[in-house]
There are 2 protein chains.
Amino acid sequence: MVKQNNKSHSTTVHEVIKEIRKEILNGTLKEGERLIQDEWAQRLNVSRMPIREALTHLEMEGLVEIKPHKGAIVTPITQEDIEEIFNLRCMLEATVVEKSLPYLTEEDVTLLGEVLIEMETLKLTDETNDKYSKLNAKFHAILHKDCPWPRAKKFVDNLGISPIAPKLLEPYYEKTQQDHRRIYEAVLRRDPQELRLAMEYHLTRTKNNLLKVIQQMNDEKNKNESI
Amino acid sequence: MVKQNNKSHSTTVHEVIKEIRKEILNGTLKEGERLIQDEWAQRLNVSRMPIREALTHLEMEGLVEIKPHKGAIVTPITQEDIEEIFNLRCMLEATVVEKSLPYLTEEDVTLLGEVLIEMETLKLTDETNDKYSKLNAKFHAILHKDCPWPRAKKFVDNLGISPIAPKLLEPYYEKTQQDHRRIYEAVLRRDPQELRLAMEYHLTRTKNNLLKVIQQMNDEKNKNESI
DNA sequence: ACCTATAATTTTGTATACAAAAGTCTATTG
DNA sequence: CAATAGACTTTTGTATACAAAATTATAGGT
């Protein structure tokens, strides 16, 4: 294991979760791929027990599917899944940020602005892609920080997908920035209705763009296969 | 363990989950109460491992809270929790039933009608309470049966609380029946908008009644304590 | 008597060991 | 050669054993 640097997460299971989640989200593990407990145990230098527990956690997050006596596979994602995920996020995340708004401190808002600026000035390359993902996650995390509705927050977190999106959404970089700025300004004005609208718009547009990109990818693949 | 009658659920963990869940929902286990792994292991005649896994599952369902190195307690529920749970169910379950409607077969609808009738003719007593809970669960389950949005369905399932509600909501029995009938008739007419409205109304009313009942319980308690 | 430090106990976390199920391969038969 | 029964291998499920953390109890000092 990556040397149990237990500062925030005190158990092995958490480290394992982080590791496997990372590999799923950055695409190292392809969808449908099998996760064999013993392989991972050896790879991370732990016993199978923490792996098992990590897998059931990831199942809750929807990243893997577990069948009794058969094991875990990486959850495959279809267009209908994207449709579902973003429509749910539209409902839930809009609610979450609206509810959280009154609990945002001035420092939070300042930080949010800084993250926004940093994203805007970041030139997109292969190296900065990861950095951008992190900033984007941070941006959304700040908005959720002290949400008084923990279940809603958990649901939004579990809907995932966001971390893979940035890579695919490069062409719509400009658009995304505009959305983020609109969200930021709604927060600045402490305007819950506008914040909700801005978030809903952002997620709906992202969904449509993602679907478009994936459609194009599929078209490409089919063309090559039919040659 | 209760003699592994493995027909539907093939693993011990599932049995353990069912057992602990039952005890939480029927109130045997009070909120905040600690669940000690070894105690349960001995009680159910299994090792601690299935207990651990069951607990992490129940954590996902929101029935228990787990802190590293400290263990699991039964999740305490406040009025704000009820507010959250039912508002979320209002959004999510309305969506779920609307999406599921086209996939309901004629047999499903017939069955739904039978369950409805059975609930209507059931006289509420202490013994039938459990029966009623089951019928109520079945009623909702049929509506969700083949929901094309699995995440939304899972979220609704995980929001729980429904199984404790019937006991507390006895005074509003009539009202609940009317709601169910309205939902049933919307299904019969295959009218998604009306179905959504009926479900939203049902959940909002249930929320308000639950809050009222709990408020009364608290008033009672405070009165007794202050004597 | 009260607080603090430390020892003893309890409880959780992880590793290892064994049992059961699923999957794979091979050999035999039609 | 195809199909299938049965041995063999792999992989998951559960039990037991040990390590680490947290909790409780105890003893000593002020």
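Student: What makes the residues around DNA strand C count as being near that strand, and which of the 16 come nearest?

Tutor: Thr12(A), Val46(A), Ser47(A), His69(A) and Gly71(B) come nearest of the 16 residues around DNA strand C. A residue is near a strand if its C-beta atom, placed from the backbone, lies within 6 Å of it. This is a predicted model, where local features need pLDDT of at least 70 and side-chain atom pairs count only at pLDDT 80 or more, while totals for chains, interfaces and linings use all residues. Residues are numbered from 1 along each chain as its sequence is written, with chains lettered from A and ligands numbered from 1 in the order in which they are written.

Student: Which elements give two or more residues to the surface near DNA strand C?

Tutor: They are α1 (12-25) and α3 (48-60) of chain A, together with α2 (37-44) of chain B. Helices here are DSSP runs (H or I, at least four residues), as strands are (E, at least two), numbered from the N terminus. With three residues, α3(A) gives the most to this surface.

Student: How do the residues of that surface divide by class?

Tutor: There are six nonpolar, seven polar and three charged residues. Ala, Val, Leu, Ile, Met, Phe, Trp, Tyr, Cys and Pro count as nonpolar, Asp, Glu, Lys and Arg as charged, and the others, Gly among them, as polar.

Student: And which residues are closest to DNA strand D?

Tutor: Of the 16 residues that surround DNA strand D, the closest are Gln37(A), Gly71(A), Thr12(B), Ser47(B) and His69(B). The largest share of the surface near DNA strand D comes from α3(B), with three residues.

Student: Why is Ile85(B) called buried?

Tutor: A residue is buried if 20 or more other C-beta atoms lie within 10 Å of its own, exposed if 12 or fewer, and partly exposed in between, with C-beta atoms placed from the backbone. Ile85(B) has 22 other C-beta atoms within 10 Å, so Ile85(B) is buried. Its place is in helix α4 of chain B.

Student: How many residues of chain B are in contact with chain A?

Tutor: 20 residues of chain B are in contact with 20 residues of chain A. Two residues are in contact if their C-beta atoms, placed from the backbone, lie within 7 Å. On the side of chain B that touches chain A, α4(B) gives the most, with five residues. That side has ten nonpolar, six polar and four charged residues.
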